[in-house]
Amino acid sequence: MSSAAHPDEKDIDIIVTYSDPSGAVRISSVRSRDLSASWAWKDPINENYSLTESSQVVDDPFRSTLSCRELGRHTPNDHQYGSEMRHPQASAMHPLKLKRRMLRRERRESRTAELIQQDKEIDNQMQEAAIKRALELDTTIKGRYSIWRKEYENPNSDSTVKLIRDQIIMARVYATIAKAKNNNMLYDSLMEHSRKSQLAIGEATSDSELHPSALDQAKAMGHILSTAKDQLYHCMTIARKLRAMLQSSETNVNELKKKSAFLIQLAAKTVPKPLHCLPLLLTTEYYLRGYEEKDFANREKLEDPSLYHYAIFSDNVLAASVVVNSTVLHVKEPEKHVFHIVTDKLNLAAMKMWFLVNPPAGAAIQVQNVDDFTWLNSSYCPVLRQLESARMIEYYFKAHQTSSLTAGSDNLKYRNPKYLSMLNHLRFYLPEVYPKLNKILFLDDDIVIQKDLTPLWSVNLQGMVNGAVETCKESFHRFDKYLNFSNPKISENFDPNACGWAFGMNIFDLKEWKKRDITGIYHHWQDMNEDRTLWKLGTLPPGLITFYNLTYPLDRSWHGLGLGYDPALNLTEIENAAVVHYNGNYKPWLDLAIAKYRSYWSRYVMFDNLYLQLCNINE
């Protein structure tokens, strides 16, 4: 840079030589007054001379330098060598501005040091974690050489089982194509390997259950499938074969479902031989030993409304005994509890014999025959009249409708003999059966009591007739599951989203029952359902209708449900429930019972009883 005048002059022309971005040498001129105030320069002749002699200028490391952009702004046109140029004009920086700049620089330096320190700390932590992880790594296990490998083998892995099953499917596909193309050698080879693979799998559901030779068989099958693919593969043909196999499998699955439904219902309503033996043995003993002349003690308690009364309607001696035993074991004052058992004529002697020989400690008991209720006849009871109708007899007893593995399975559950028994419908006539009682606790025979039920008599039902545990969860077990809302008689009178509740443990206010004529409501709706268009058979649908808006919801902990059909219940909830209910087909006294739930029932069975041992009823 050269100057044409002394720096003290007010305006200076400056000639500048520079290189532009393309590398060409350029010469420009600029006036000092056009430059920013931050510029400073020294006289090349007098090195000690500077603008600080006349003004305060700071030698700042962040001072700007003259740039091509600044030159372009001030002198848009390039000039030839020898053009006029002027010296920059220097000006002083204010002390406050200087101080702010220094503070900013200090803050930047401080923040930079802080971030560097944090990075060092994080690096140290990562190194320590890596060292610790390396020390914990078990390098002695064969096949685990790197922390990036899978560390935990899944004991339930079924990848090999799935692979072999897929190979079998593809082998069958290729075998069918080979057969169609008369490639008998390949066909025989595929079928042979398919048979061996099936034997290798057996009934295994996980890789751990496979025989060690199964993997070798999978490799051999892979080789033959590769050969078959090379010779027979055609995309459209393979797709058609797989689609046909899928349709065939779906048909087979549907057939098996129907057969399964039939067999489950058959097993559920078939009395096992030991349970058939028990009432026969007890009836024989009842008459041989002259027990028909004996009666139960404490008859004066049977109609005392100040005591705690239970109603149990059952033809199953063993099940009724478990209900009574489990209840008495949990009450504090058994002498204040009265059990009213109603059974049929066939099991009356056996039921009496059992409780005469094994009376509940301190509690009163009554055993009655449902056939002795002469008022319960077809002229008074609609359901009896319907059961005697020709249409109902045809529905239940005609051969072409009742015994087929594949036909009629949808309605098979409603052909269960319990729906023909008045013991199942007697729950709607409690005030007639026990006219002098004010409250009664109704219990099914497939329940187990695990806590004292006495507090139920103190529950304020708030003017309702029935105290029950509700069963609706989200969209399940609501009225539309049980009733036909396509019928206007139902849709105009009931809410399809109303919550269902459970029969099996219900506290009934019999005084309120009589006041609201509950039995009359039941009769009205039973008459309307003579053609079974409002609901199918059973007692829960008419119960929901009869006690609609008359049911008080009890706390869920009183009644645990589902032990007769749901294997995925919460065991903690089961153990905390006052009553557990085996509603469903898998009753605890059947071989169908869900094994993990059976103990809640069997702990109250008197397996040391002579009659049970003679009938081979054991744990």
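Two strands pair if DSSP finds at least two bridges between them, and strands here (E, at least two residues), like helices (H or I, at least four residues), are DSSP runs numbered from the N terminus. By that count, seven strands line up as an open sheet of mixed pairing, in the order β6-β5-β4-β7-β10-β9-β11. The edges are β6 (364-369) and β11 (551-554), each of which pairs on one side only. From one strand to the next, the twist averages 25°. Everything here comes from a predicted model, in which local features need pLDDT of at least 70 and side-chain atom pairs count only at pLDDT 80 or more, while totals for chains, interfaces and linings use all residues. Residues are numbered from 1 along each chain as its sequence is written, and side-chain values use heavy atoms, with hydrogens and water left out.

At the β11 edge, strand β9 (residues 466-469) runs parallel to β11, and four bridges join the two. Asn466 has Thr551 of β11 as its bridge partner. Helix α8 packs on this sheet and touches β4 (308-313), β5 and β7 (439-443), its direction making about 175° with that of β5; contact means heavy atoms within 4.5 Å. Angles run from 0 to 180 degrees between N-to-C directions, and axes are lines fitted to C-alpha atoms, for helices over the stretch in contact. Helix α9 lies across β5 and β6, and runs at about 170° to β6.

Strand β5 (residues 337-343) also holds His337. This histidine counts as buried because its relative accessibility is 2%; the cut-offs are under 20% relative accessible area for buried, over 50% for exposed and partly exposed in between, with a 1.4 Å probe and protein chains only. Not counting residues up to four places away in sequence, His337 touches Tyr308, Tyr310, Val331, Ala363, Ala364 and Thr454.

A second open sheet, again mixed, has three strands in the order β8-β13-β12. Its edge strands, β8 (447-449) and β12 (559-560), each pair on one side only. β12 runs parallel to strand β13 (residues 579-581), with two bridges joining them, and His559 stands opposite Val579 in β13. β8 turns up again around helix α20 (residues 595-602), whose buried residues are Tyr597, Tyr600, Trp601 and Ser602. The cover over these residues includes α8 (317-328), β8 and α19 (571-576).

Now for the helix pairs. Helix α4 (residues 184-201) and helix α5 (residues 213-232) pack at about 155°, with axes 10 Å apart. The two are therefore roughly antiparallel, given that angles under 35 degrees count as roughly parallel, over 145 as roughly antiparallel, 65 to 115 as roughly perpendicular and the rest as oblique. Their contact residues divide into ten nonpolar, six polar and one charged, where Ala, Val, Leu, Ile, Met, Phe, Trp, Tyr, Cys and Pro count as nonpolar, Asp, Glu, Lys and Arg as charged, and the others, Gly among them, as polar.

Helix α7 (residues 273-288) and helix α9 (residues 348-357) cross at roughly 75°, their axes coming within 8 Å; they are therefore roughly perpendicular. Residues making this contact include Leu282 and Tyr286 of α7 and Met353 and Trp354 of α9. The split is nine nonpolar, one polar and two charged.

Finally, Leu534 sits in the loop between α17 (518-528) and α18 (540-546). Leu534 is buried, at a relative accessible area of 0%. Its C-alpha atom is separated by 7.9 Å from that of Phe485, 49 residues apart along the chain.
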